[in-house]
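Have the sequence and the 3D view open side by side, and follow along at your own pace. We will go from strands to a cavity, then to rings and a few single residues.

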Amino acid sequence: MENISRKKFIASAALAAAGLPFGLSALAKQSTSYPDDPADNPSPGGKIKVSIFSKHMHWLNYTDMAALTAQLGFDGIDLTVRPDGHVLPERVADDLPKAVESIEKAGLKVYSIVTNIKTADEKDAEPILKAASALGIKYYRTAWFNYDKAVSVPANIKVINKQLAGLAALNKKYGMHGGYQNHSGDLFGASQWDLWLGLEGLDPNYIGCQYDVRHATTEGADTWPVTLDLLKAYSKTINVKDFYWEKKGDKWQVKSVPLGEGMVDFKKYFSLLKQYNINGPMSLHCEYPLGGAEDGTRKLTISRDDFSAALKKDLTKLRGWLAEYDL
């Protein structure tokens, strides 16, 4: 679906609510599956579009965030639409159009959003997808799932498969793709094998993975290429960040660092993205110390210039790799 302005969004919604016709093009879109959905257009273009994860810019309003992001050289913003995000779920119909309008005025796009959606029947799921789809957004990240320790792992996977099937059906209705991030830890999907099993039988055009090579490396420094192979058809969105293992006292822990300073094998990663033709929206995550921005603070403890310099350094490094592998 083509992008529309906030005014057009509101006008169309009002007309639809009143049951009034508003043009042949709009009537053509009144179906259970939107025409420009991920199944018809799995990537927004031949080259990867790089967005900044808006969690790192919670200290800025829509207009200032868009201006700084454009100044730094990103293609778009991976917008938080979740509790304590840039757009609150309960205000999505009003505020998401405002955010998108501000971002597009700066010459950027919202290729993807980050949500806390777990199931198709929760109260915020459909309103978020409906509002996002109407604005031309095709991709979102789901919430994470915890394992129920009272039952077996296979039993958990069976339950989660049903949850993901429900989301896939809702996503198809709105022409969107939901990506589950393989976050390290004891969460479902951390090992990636369980995520692959949880996606069994589901259409990768509507439900899948937001592949995170940093977390994949954390869980399997040498084996992550195997899981990327497993999940390649499901990986419609991706994100990047870096880390290494650090020993403090008698314990090893993850230390987040700028791109290229850690142990993620980005050369291998980008070569596989090229091989598998994975070129969907990419989100840059900056989780190293960044004046609180790494955790979504509303007030920075570093200067705006220092924040900007850190993001610019990461983006320059990332652009170099993308150019090297023609991505």
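Two strands are said to pair if DSSP finds at least two bridges between them. Helices (H or I, at least four residues) and strands (E, at least two) are DSSP runs, numbered from the N terminus. What you see is a predicted model, in which local features need pLDDT of at least 70 and side-chain atom pairs count only at pLDDT 80 or more, while totals for chains, interfaces and linings use all residues. Residues are numbered from 1 along each chain as its sequence is written, and side-chain values use heavy atoms, with hydrogens and water left out.

Let us begin with strand β1 (residues 50–53). Three bridges join β1 to strand β2 (residues 76–80), and the two run parallel. β1 also pairs with β10, again in the parallel sense and over three bridges. Ser 51 is a handy place to look: its bridge partner in β2 is Gly 76, and in β10 Ser 51 stands opposite Ser 283.

Further along the chain, strand β8 (residues 242–248) runs antiparallel to strand β9 (residues 251–257), joined by seven bridges. Asp 242 of β8 faces Val 257 in β9. The two strands form a hairpin with two residues between them, and Gly 249 in that turn has a positive phi of about 65°.

Now for empty space inside the model. Rolling a probe the size of a water molecule over the atoms shows where such space is left. On a 1 Å grid over the protein atoms alone, a cavity is a set of points where a 1.4 Å probe fits but cannot get out, and its lining residues have an atom within 4 Å of a point. Grid points are joined across faces, edges and corners, and a volume is the space filled by probe spheres set on the points. Counted this way, there are two cavities of 30 Å³ or more. The second largest has a volume of about 30 Å³. Its lining brings back Ser 51 and Ser 283, together with Ser 112, Gln 210, Thr 237, Ile 238, Pro 281 and Met 282. Strands β7 (235–240) and β10 (282–284) each supply at least two of the lining residues. By class, the lining has three nonpolar, five polar and no charged residues; here Ala, Val, Leu, Ile, Met, Phe, Trp, Tyr, Cys and Pro count as nonpolar, Asp, Glu, Lys and Arg as charged, and the others, Gly among them, as polar.

Next come the rings. Rings of Phe, Tyr and Trp (its six-membered ring) pair if their centres lie within 6.5 Å; planes under 30 degrees apart count as stacked, over 60 as edge-to-face and the rest as tilted. The structure holds 14 such aromatic pairs. In one of them, Tyr 147 and Phe 188 have ring centres 6.0 Å apart and planes at 65°, so this pair is edge-to-face. Because Tyr 147 lies in the loop between β4 (139–141) and α6 (153–174) and Phe 188 in the loop between β5 (177–181) and α7 (193–198), the pair ties together parts that are 41 residues apart in sequence. Tyr 147 and Phe 188 are both buried, where buried means under 20% relative accessible area, exposed over 50%, and partly exposed in between (1.4 Å probe, protein chains only).

The rings of Phe 266 and Phe 270 also have their centres 6.0 Å apart, but their planes are at 25°, so that pair is stacked. These two are four residues apart in helix α10 (residues 266–276), and are therefore separated by about one helical turn. Phe 266 and Phe 270 are buried too. Ring pairs link both of them with Tyr 211, Trp 224, Tyr 269, Trp 321 and Tyr 325 into a cluster.

Two residues deserve a look for their backbone angles. Most residues other than glycine have a negative phi. Gln 192, however, has a positive phi near 75°, and Asn 277 has one near 60°. Are they buried or exposed? Gln 192, in the loop between β5 and α7, is buried at 2% relative accessibility. Asn 277, in the loop between α10 and β10, is exposed at 59%.

To finish, visit Thr 297, in the loop between β10 and α11 (304–324). Thr 297 is partly exposed at 22% relative accessibility. Its C-alpha atom is 6.3 Å from that of Trp 59, although the two are 238 residues apart along the chain.

Note on methods. On a 1 Å grid over the protein atoms alone, a cavity is a set of points where a 1.4 Å probe fits but cannot get out, and a pocket is an open set with protein on both sides within 12 Å along at least five of seven lines; lining residues have an atom within 4 Å of a point.
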